[in-house]
Amino acid sequence: MQLRFVGCGDAFGSGGRLNTCFHVSGRQTNFLIDCGASALPALKRLEIDRNDIDLILITHFHGDHFAGLPFVLLDAQFSRRTRPLTIAGPQGIERRLREVMEALFEHSSKTQRRFELDVVELAPEQSRTFGAVTVTPYSVVHGESGGPFLAFRVEAEGRTLAYSADTEWTETLIPLAHGADLFIAEAYMYEKVVKNHLSLKTLEQHLPAIAAKRLVLTHMSDDMLSRLETLPHMAAEDGMVVVF
């Protein structure tokens, strides 16, 4: 299994990094986790074939994780995609997707597509299987607007990937990532505790209980980016590939 960081930045593009979007692929799997506003040009720059993607998982409805969907869907229409596509995310995703499509491209939500689009709501701690991919969402804590907020534990091809999404510390991160082959964790701040986000020092206190096999930090502010050379953990970069 391979994960490529199409974008790993925070909402404000700290360090010039692009919005969150991860591409995961294997022998039987090809999907995205999150689809921030910059996702489509980033996918094209990395020469990732969008028409091979079967599934897009959305953690929440903030623009840096969600607002790329209208561009990706319109690109699929204009490139004459015929392969079915599933978009899965928190409760309300169908309405939210329709609203963002209309806000950015009026009438686009009503366009007859050449491909089948299935929009699926995910509920916390209820696993769903999409082809060779099994997704178990967990509730996380990231404020009020833009939710519900989910983190994902994904099992595919004998490997387990966990992604914290944007969250302050919550005990659900332990079962989410316990023993995972790869844990992608937000580390927005180094040690300062801020509401709705996770600091590296807070995360480190819980790493023994999480016991993931590999850790990669993402969604970092300037506070974290200024410390990259001294960090004891792997930090994501746009375009970086991790095999797990």
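Two strands pair if DSSP finds at least two bridges between them. With that in mind, welcome to this predicted model, where we can start at one strand and then look at the empty spaces inside.

**Around strand β12**

Strand β12 covers residues 215-218. β12 and strand β13 (residues 234-235) pair in the parallel sense, with two bridges between them. In this pairing, Val216 stands opposite Met234 in β13. Strand β11 (residues 182-186) also runs parallel to β12, and four bridges join the two. Here Phe183 is the residue that stands opposite Leu215 in β12.

Helix α6 (residues 200-210) joins the picture too: together with β11 and β12 it makes a right-handed β-α-β unit. Both faces of β12 are covered, with Leu215 and Leu217 buried on one side and Val216 and Thr218 buried on the other.

**The cavities**

Rolling a probe the size of a water molecule over the atoms shows where empty space is left. The structure holds two cavities of 30 Å³ or more, set side by side here:

| Cavity | Space | Lining by class |
|---|---|---|
| Largest | About 60 Å³ | seven nonpolar, no polar, two charged residues |
| Second largest | About 40 Å³ | three nonpolar, three polar, one charged residues |

Which residues line the largest cavity? They are Leu32, Leu43, Arg50, Ile53, Ile56, Val72, Ala76, Arg81 and Leu85. The second largest cavity is lined by Leu73, Leu74, Gln77, Met101, Ser108, Thr111 and Arg113. Helix α3 (residues 69-78) gives the largest share of that second lining, three residues.

Conventions:
Residues are numbered from 1 along each chain as its sequence is written. This is a predicted model: local features need pLDDT of at least 70, side-chain atom pairs count only at pLDDT 80 or more; totals for chains, interfaces and linings use all residues. Side-chain values use heavy atoms; hydrogens and water are left out. On a 1 Å grid over the protein atoms alone, a cavity is a set of points where a 1.4 Å probe fits but cannot get out, and a pocket is an open set with protein on both sides within 12 Å along at least five of seven lines; lining residues have an atom within 4 Å of a point. Grid points are joined across faces, edges and corners, and a volume is the space filled by probe spheres set on the points. Ala, Val, Leu, Ile, Met, Phe, Trp, Tyr, Cys and Pro count as nonpolar, Asp, Glu, Lys and Arg as charged, and the others, Gly among them, as polar. Buried means under 20% relative accessible area, exposed over 50%, partly exposed in between (1.4 Å probe, protein chains only). A crossover is right-handed if, with the strands pointing away from the viewer, the path from the first strand over the helix to the second runs clockwise.
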